[in-house]
Amino acid sequence: TWWRLMPAGHAIEAHKNGWEFSFTAPGWDPAEVNDQITNYAQSKDALIVNPVAYQSHIQTIERVQEDFNTPVVGNKDLVGGAVSHNIQSADYELAELMVEDAINFLDEKRGGRQGKTVVHFQGNPDFTGWRRRMEQVRQSMKNYPDVEYVEVTTDGTVSGWADSARTYFANNTADAVISDSSGAYTRGIM
């Protein structure tokens, strides 16, 4: 949903301002995203980048801004400079809801929370949304000391989430899972 809403939100803002807007999805390969940043910076007036690997994009973004004088902004607060609009999700509130849902699941489906385990699969903390959700889930779980809370870090890739789940569940169980991302990431856990 998030990845579909971002281009729609940008298109709405572009239309309001009378700008031409195009959208492309190069996939999850950081090198391919960097290639597209470089190619589009030579022919577009400005770029909006949704980083898939923030650290690997910084040099490319700085280079195209210098070489082609093309402004580059990013979703959330990852890259940029002055921006006309910013597409955000309510990460802290979302994390609180995820914890609330997990606790309600324990109460309603697992017979209570005492002695139960909630496992939290986390994305790459270099990404704002994942970091915010990670921080808030951790904070919110402090309200439930009767629940064992386990954090599982991943490398931020879909396959990394699946590998982390395989490793964890090879020797452990969980009564509920909190996942910092949905879609393919959560399917990898399942």
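Student: Why is Asp107 called partly exposed?

Tutor: This is a predicted model, and in it Asp107 has a relative accessibility of 32%. Buried means under 20% and exposed means over 50%, so Asp107 at 32% counts as partly exposed.

Student: What makes the contact between Arg113 and Asp107 a salt bridge?

Tutor: The closest N and O atoms of Arg113 and Asp107 are 2.7 Å apart. The cut-off is within 4 Å, from a side-chain nitrogen of Lys or Arg to a carboxyl oxygen of Asp or Glu, so the pair qualifies. Arg113 is partly exposed too, with a relative accessible area of 26%.

Student: Why would such side chains pair at all?

Tutor: Opposite charges can pair when the charged atoms come close.

Student: How do you know that Glu135 and Arg131 form a salt bridge?

Tutor: Their N to O distance is 3.8 Å, and the limit is 4 Å, so the pair counts. As for where they sit, Glu135 and Arg131 are four residues apart in helix H5 (residues 128-141), so about one helical turn separates them. Glu135 has a relative accessible area of 35% and Arg131 has 30%; partly exposed runs between 20% and 50%, so that is the label for Glu135 and for Arg131.

Student: What makes Glu151 and Arg138 a link between separate parts of the chain?

Tutor: Start with the contact: the side chains meet in a salt bridge at 2.6 Å, N to O. Glu151 belongs to strand E4 (residues 148-153) and Arg138 to helix H5, so the salt bridge ties together parts 13 residues apart in sequence. Glu151 is partly exposed at 33% relative accessibility, and Arg138 is partly exposed at 33% as well.

Student: Which residues are joined into one network by salt bridges that share partners?

Tutor: Asp91, Arg132 and Arg133. Over the whole structure, the search finds seven salt bridges.

Student: Now the nonpolar side. How do you know that Phe21 is accessible enough for a surface patch?

Tutor: Its relative accessible area is 33%. Patch residues need over 30%, so Phe21 clears that bar. It is still only called partly exposed, because exposed requires over 50%.

Student: What makes up the nonpolar patch, and where is Phe21 found?

Tutor: Phe21, Phe23 and Ile48 make a nonpolar surface patch of about 270 Å². Phe21 is found in the loop between helix H1 (2-17) and helix H2 (30-41).

Technical notes
Residues are numbered from 1 along each chain as its sequence is written. This is a predicted model: local features need pLDDT of at least 70, side-chain atom pairs count only at pLDDT 80 or more; totals for chains, interfaces and linings use all residues. Side-chain values use heavy atoms; hydrogens and water are left out. Patches are made of residues with over 30% relative accessible area and no salt bridge: like charges are joined within 9 Å, nonpolar side chains (Val, Leu, Ile, Met, Phe, Trp, Tyr) within 5 Å. Accessible areas come from the Shrake-Rupley method with a 1.4 Å probe; for residues, only the protein chains shown count as cover. Helices (H or I, at least four residues) and strands (E, at least two) are DSSP runs, numbered from the N terminus. Buried means under 20% relative accessible area, exposed over 50%, partly exposed in between (1.4 Å probe, protein chains only).
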